[in-house]
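Biologist: Please take me through a single part of this model in detail, beginning with one loop residue and its surroundings. After that, set it beside other places in the chain, so that I can follow it on the display.

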Amino acid sequence: MNNVTPSPTEHLSTTTYLDFTGFNQKCFISRTMQVRGCYVPGRAESRNAQRRQAFTTLRLTSNLEKEVLMPKVWLITGSSRGLGRALAEAVLAAGDKLVATARNPEQLADLVERYGDQVRTVALDVTNEQAASHAVAVATRAFGRLDVLANNAGYGDVSPIEDTSLDEFRAQIETNLFGVINVTKAALPLMREQGAGHILQFSSVGGRIGPVGRAPYAAAKWGVEGFSEVLSKEVGPLGVKVTIIEPGGFRTDFAGSSTAIREGRPEYDATVGKTARFQRDYNGKQPGDPAKAAAAVLHIASLNDPPLRLLLGSDAVRFVEQNDLAKMESDRKWKDLSISTDIEQVTEER
């Protein structure tokens with residue numbers, strides 16, 4: 001489409017924004033809400049907005065403000081099962097583009113069969129920095145940009161701290177925390193240059209409370225929470241949004257085949273042992289619907305002003321409310337002792 005100029009009856013409005021090359025562009029929108037073409041002020045050549053997918057949202061005004069959504073480009077880690085799989089299917093069903101990653105991309109072959117060039121599959125071990133950079137590069141080569149990064153890959157075993165080896169601690173923290181850091185850092189230069197993007201960090205209700213028997217997992221998820229809160233303050237002014245997703249129990253294999261459960265020694269039967277028994281019985285009875293979680297995440301990704309944190313599931317809301325209220329009450333109880341540690345201000349007599 002070269003030098004497109006819509007007729008007065010077709011022209012609703014124009015909008016100016018930054019594309020990933022850093023040039024200001026204007027796009028013409030037809031009355032049927034189709035992008036008719038884009039041009040760069042001061043440059044002769046026009047650009048097809050649908051082909052280049054230069055930006056994700058165009059703001060229109062025609063009596064009432066309307067929003068036209070362009071297909072987004074997503075990268076989802078841990079796309080082969082659980083919430084990652086549900087999100088990948090929802091993204092593709094919505095017409096967006098996807099780089100789906102998994103340790104074994106053969107598990108994603110059916111997505112390619114169903115959606116063709118709309119999806120790319122990539123082998124990714126999130127603990128590998130080079131592999132993370134490669135996954136982001138695939139997004140740019142295939143689709144020209146990256147709009148949404150969903151750091152979903154992770155796992156969590158159940159075992160007492162005393163009976164969990166340091167190697168097991170390190171392995172869970174490497175995947176659940178440093179994996180998030182690796183992929184985030186791989187995507188940041190691109191999103192910074194675009195001046196736009198949305199990073200979805202899948203934490204957990206275990207990132208807000210201390211779940212018995214899941215110390216390595218909780219340590220990592222609390223790390224994700226802190227890392228992501230700092231990240232949002234640093235990249236927000238650059239146009240990059242961050243949302244921490246905190247799911248409760250969902251009917252995936254996270255509490256089943258993805259989790260090793262050990263009660264530990266008898267002394268922990270009333271704590272970790274109880275958790276282990278509950279986890280085995282709870283699997284398959286969780287209140288959360290993965291498809292509804294995916295729909296909620298898609299909604300969050302469509303917002304201009306998304307929340308920093310989003311709890312998913314009635315159990316997550318209930319547990320976090322109880323936990324936060326208990327923290328506030330404890331802080332109030334010990335407030336006088338807390339503030340007593342300040343240096344006393346000496347008033348000089350004159």
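Modeller: What follows begins with one acidic residue and its contacts, and then moves on to other loops, charges over rings and enclosed space. The model is a predicted one, and each statement below should be read with that in mind.

The residue I would start from is Asp147, which is found in the loop that runs between α4 (129-143) and β10 (148-151). Asp147 counts as buried because its relative accessibility, 5%, falls under the 20% limit. Its side chain takes part in a polar contact with the side chain of Arg145, at 2.7 Å. A polar atom of the Asp147 side chain also lies 2.8 Å from the backbone nitrogen of Val73, so that side chain has both a side-chain partner and a backbone partner.

Two further loop residues can be set beside Asp147. Gly248 lies in the loop between β12 (240-247) and α7 (269-282), and with a relative accessible area of 22% it is partly exposed, because that value lies between the limits of 20% and 50%. Leaving aside residues up to four places away in sequence, Gly248 touches Val205, Leu312, Asp315 and Ala316. The C-alpha atom of Gly248 is separated by 8.2 Å from that of Gly206, a residue 42 places apart from it along the chain. Arg81, for its part, has its place in the loop between β7 (73-76) and α2 (82-93), where it is partly exposed at a relative accessible area of 46%. Between the C-alpha atoms of Arg81 and Ala102, which are 21 residues apart along the chain, the separation is 9.0 Å.

Aromatic rings deserve a separate look. The count of aromatic pairs comes to zero, but arginines do lie over rings: the charged end of Arg318 sits over the ring of Phe319, 4.9 Å from its centre, and Arg214 lies over the face of Tyr217, at 5.9 Å from the ring centre.

Finally, there is the matter of enclosed space. Searching the whole structure gives two cavities of 30 Å³ or more, and the largest cavity has a volume of about 50 Å³. The lining of that largest cavity is made up of Asp157, Val158, Ser159, Thr164, Glu168, Gln172, Gly213, Pro216 and Arg262.

Technical notes. Residues are numbered from 1 along each chain as its sequence is written. This is a predicted model: local features need pLDDT of at least 70, side-chain atom pairs count only at pLDDT 80 or more; totals for chains, interfaces and linings use all residues. Side-chain values use heavy atoms; hydrogens and water are left out. Helices (H or I, at least four residues) and strands (E, at least two) are DSSP runs, numbered from the N terminus. Buried means under 20% relative accessible area, exposed over 50%, partly exposed in between (1.4 Å probe, protein chains only). Contact means heavy atoms within 4.5 Å. Rings of Phe, Tyr and Trp (its six-membered ring) pair if their centres lie within 6.5 Å; planes under 30 degrees apart count as stacked, over 60 as edge-to-face and the rest as tilted. A charge sits over a ring if NZ of Lys or CZ of Arg is within 6 Å of the ring centre and within 35 degrees of the ring normal. A polar contact is a pair of N or O atoms within 3.5 Å; within protein, one must be able to donate a hydrogen and the other to accept it, and residues adjacent in sequence count only if both atoms are side-chain atoms. On a 1 Å grid over the protein atoms alone, a cavity is a set of points where a 1.4 Å probe fits but cannot get out, and a pocket is an open set with protein on both sides within 12 Å along at least five of seven lines; lining residues have an atom within 4 Å of a point. Grid points are joined across faces, edges and corners, and a volume is the space filled by probe spheres set on the points.
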